Amino acid sequence: MPGITMDGVVTEEVPNGANSPQNNEHLSAPKSTAASTMAGSMQSEALEMHVESSGAGEPSIEQLYNNVCEMESSSEGGSPSRESFGSDGEESRIDSELRHLVAGEMEAMKVIEEEEENESVANAPPPAENGTPAKAQSSSSSKKSKKASKSQLESDASVGPNGKASTEEGESEVSKPASRVGRRRKSITNPQNGTEDAGLDNPDLGPFLLKHARDLIASENPRRALKYALRATKSFEKCAGGKPSLNLVMSLHVVAAIYCNLGKYEEAVPVLQRSLEIPVIEEGQEHALAKFSGCMQLGDTYGLLGQTALSLQWYASGLEIQKQTLGEQDPRVGETCRYLAEAHVQALQLDEAQRLCQMALDIHREHGEPASLEETADRRLMGLICDTKGDHEAALEHLVMASMAMVANGQETEVASVDCSIGDIYLSLGRYDEAVFAYQKALTVFKTSKGENHATVASVFVRLADLYNKTGKLRESKSFCENALKIYQKPIPGTSLEEIATGLTDVSAIYETMNEHEQALKLLQKALKMYNNSAGQQSTIAGMEAQMGVLHYILGNYGESYESFKSAIAKLRTCGEKKSAFFGIALNQMGLACVQRYSINEAAELFEEARTVLEQEYGPYHPDTLGVYSNLAGTYDAMGRLDEAIEILEYVVGMREEKLGTANPDVDDEKRRLGELLKEAGRVRSRKAKSLENLLETNPYTVTKRNTVAA
């Protein structure tokens with residue numbers, strides 16, 4: 001009997017893998033002079049064990065397929081192993097199971113590949129220089145490649161343990177023109193036979209295919225993994241028979257993950273929506289958690305598509321399911337609360353983010369150990385939220401406690417990251433010396449642990465550059481900017497493009513404050529190219545394009561400014577951020593660009609929309625809202641709508657006098673404009689009587705600003 005192929009090796013002895021501890025109970029028969037007779041049966045058991053288990057060293061599908069074909073050919077030749085196996089038809093059962101499980105599925109995959117080759121041939125350009133149709137040339141080349149791959153497969157099957165070809169076995173493989181491989185291929189490629197879907201009702205087939213799909217994902221072959229995952233889904237669906245199947249749900253989640261890996265986010269959405277229809281929460285915790293997992297994965301996918309509102313909606317649905325299933329105080333619920341809080345921070349919904357983060361902190365503090373890793377992560381996020389909201393003292397408290405917990409847990413590198421955040425807060429509070437100390441401390445740790453050319457080192461350089469720029473030390477600031485750019489321009493392997501793009505954007509902002517607008521614009525353009533219009537970064541890209549629009553406007557490039565704002569606003573509308581304050585500010589800036597391009601009617605529409613957004617987000621008394629009112633009044637004046645312009649400008653002047661005082665330069669400018677309009681209309685300003693208490697009311701904005709400068 002020819003040897004059975006195990007792991008690509010043709011041999012008549014038991015392979016080394018069969019002597020491993022996990023195989024001893026299956027292969028405990030003593031060795032004898034009849035080893036060659038017993039080898040076939042022992043290796044058949046090893047094959048069965050490999051198919052059913054998921055341990056290390058599992059042979060690939062191609063190797064299992066060769067094993068099956070070899071056993072078939074040996075059984076046709078009357079191998080003595082059948083008589084010496086010592087059981088009634090046991091080897092026949094193994095052969096049939098492996099044929100059913102492996103060989104048919106292998107051939108189905110080959111059919112899919114052949115169809116793909118035919119499609120590529122059909123899409124090839126028809127003419128060729130020598131007059132031969134390109135399709136015919138592709139067909140002939142594909143036939144040659146098929147023959148070559150078949151020869152390569154046979155030669156691989158005849159390689160010995162030392163990597164040398166085993167000529168006897170190789171010749172015996174090639175000299176079998178009537179093997180069952182050819183017969184099976186003919187039967188499967190015939191669509192009338194319907195054998196392509198044969199065997200899908202085998203309950204062992206779905207897990208087998210799904211495992212190999214996961215292995216292919218790990219080996220960075222997602223396209224082939226998708227084929228196996230889709231076949232596994234069909235098998236699970238057929239075995240389920242219309243009943244709720246968690247295996248089918250899991251398979252759909254894997255398919256959706258592969259689609260996202262390939263960048264096909266739109267195709268992943270219906271797959272996940274289908275997976276949510278299968279679990280029945282009433283049937284137990286496993287069904288509920290499967291639905292929770294689907295909700296969270298769907299939220300992630302919508303986030304990658306830039307549809308923030310839908311993403312947050314599905315996250316919230318998942319959280320409610322998890323609460324109902326595990327209880328509101330379960331630590332896993334705390335983890336999900338923090339995850340949702342991070343999503344709300346990215347959407348700039350800080351109040352909701354703070355509420356969810358506080359829930360997570362309360363759960364972990366009550367049910368976890370003191371200074372646990374979970375509580376530390378909650379405090380870091382809470383510090384970021386408080387800092388963004390302007391509550392710097394509370395942010396500093398959370399970050400210091402997180403830093404102390406990390407020191408106790410020996411997380412030195414993570415402590416350096418927290419030190420950077422602490423330095424940011426000291427900078428916001430105007431405590432510059434303490435900020436420099438925190439940054440230098442983090443810089444020393446990063447250089448030691450990650451290397452002097454790591455992107456995290458560059459991020460600290462950017463922070464120091466920002467600090468020295470705010471303190472008026474422009475030479476030191478520019479030096480740190482140049483040091484950061486050297487690292488970003490020649491990044492070490494493994495640095496993500498997103499990290500580099502973020503660093504370039506931060507350096508650009510510093511150059512902009514130095515009035516080096518052209519340099520700032522060049523850096524933004526480089527950063528924008530790195531994102532390459534990624535579907536999952538539309539909101540970030542929109543922010544960069546809006547900033548580029550501002551720089552173009554400052555440089556007098558009003559056409560480029562208009563196009564940048566137009567692209568940014570279109571992305572913000574798609575992302576579901578058309579109700580954010582940033583969206584309103586971008587509309588106002590685009591309106592100004594339209595005024596410079598003499599598109600007055602379009603400018604008026606943009607200012608009106610910006611007014612609606614900012615009134616809702618900031619209120620009618622906010623300085624940004626008043627700025628939009630003033631721009632809209634000027635636009636109405638240019639359009640000849642004097643009465644509306646005067647009405648708006650009177651409101652703006654009244655608000656500025658009340659909030660800033662009558663001697664403020666901005667108030668004088670608005671009053672001058674109002675006077676010109678009133679003179680043109682032949683009217684006088686209508687004044688409302690004000691009490692002495694209102695006239696002498698202290699302006700909180702002015703006091704806060706004065707205290708900050710003095711610090």
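Here is a short walk through some loops and helices of this structure, which is a predicted model.

Let us start with the backbone. Most residues other than glycine have a negative phi. With that in mind, look at L348, whose phi is near 60°, a positive value in a residue that is not glycine. Where does L348 lie? You will find L348 in the loop between α14, which covers 331-346, and α15, which covers 350-367. Is L348 buried or exposed? Its relative accessible area is 60%, and exposed means over 50%, so L348 counts as exposed.

Now travel along to Y598. Phi of Y598 is also near 60°, again a positive value in a residue other than glycine. Y598 sits in the loop that joins α26 (581-596) to α27 (600-617). With a relative accessible area of 73%, over the 50% cut-off, Y598 is therefore exposed.

From that loop, step back into α26 and see how it packs against another helix. Its partner here is α28, made of residues 623-638. The axes of α26 and α28 are 11 Å apart, and the angle between the two helices is about 25°. Why is this pair called roughly parallel? Angles under 35 degrees count as roughly parallel, so α26 and α28 fit that description. Their crossing is left-handed. Which residues meet where these helices pack? On the α26 side they are I585, N588, L592 and V595, while α28 brings D624, V628, N631 and T635. Sorted by class, this contact has four nonpolar, three polar and one charged residues.

Stay in α28 for a moment and pick out L626, which belongs to this helix. L626 has a relative accessible area of 3%, and because buried means under 20%, L626 is buried. Which residues does L626 touch, not counting those up to four places away in sequence? They are P620, Y621, Y651, V652, M655 and R656. Take Y651 from that list: Y651 and L626 are 25 residues apart along the chain, yet their C-alpha atoms are separated by 8.9 Å.

Our last stop is helix α25, residues 558-574, where S564 lies. The relative accessible area of S564 is 11%, under the 20% cut-off, so S564 is buried too. Setting aside neighbours within four places in sequence, S564 is in contact with E545, M548, G549 and H552.

To look back over the tour, L348 is an exposed residue and so is Y598, whereas L626 is buried and S564 is buried.

Note on methods: Residues are numbered from 1 along each chain as its sequence is written. This is a predicted model: local features need pLDDT of at least 70, side-chain atom pairs count only at pLDDT 80 or more; totals for chains, interfaces and linings use all residues. Side-chain values use heavy atoms; hydrogens and water are left out. Helices (H or I, at least four residues) and strands (E, at least two) are DSSP runs, numbered from the N terminus. Buried means under 20% relative accessible area, exposed over 50%, partly exposed in between (1.4 Å probe, protein chains only). Axes are lines fitted to C-alpha atoms, for helices over the stretch in contact, and angles run from 0 to 180 degrees between N-to-C directions. Angles under 35 degrees count as roughly parallel, over 145 as roughly antiparallel, 65 to 115 as roughly perpendicular and the rest as oblique. A crossing is left-handed if the near helix is turned anticlockwise from the far one by less than a right angle, and right-handed if clockwise. Contact means heavy atoms within 4.5 Å. Ala, Val, Leu, Ile, Met, Phe, Trp, Tyr, Cys and Pro count as nonpolar, Asp, Glu, Lys and Arg as charged, and the others, Gly among them, as polar.
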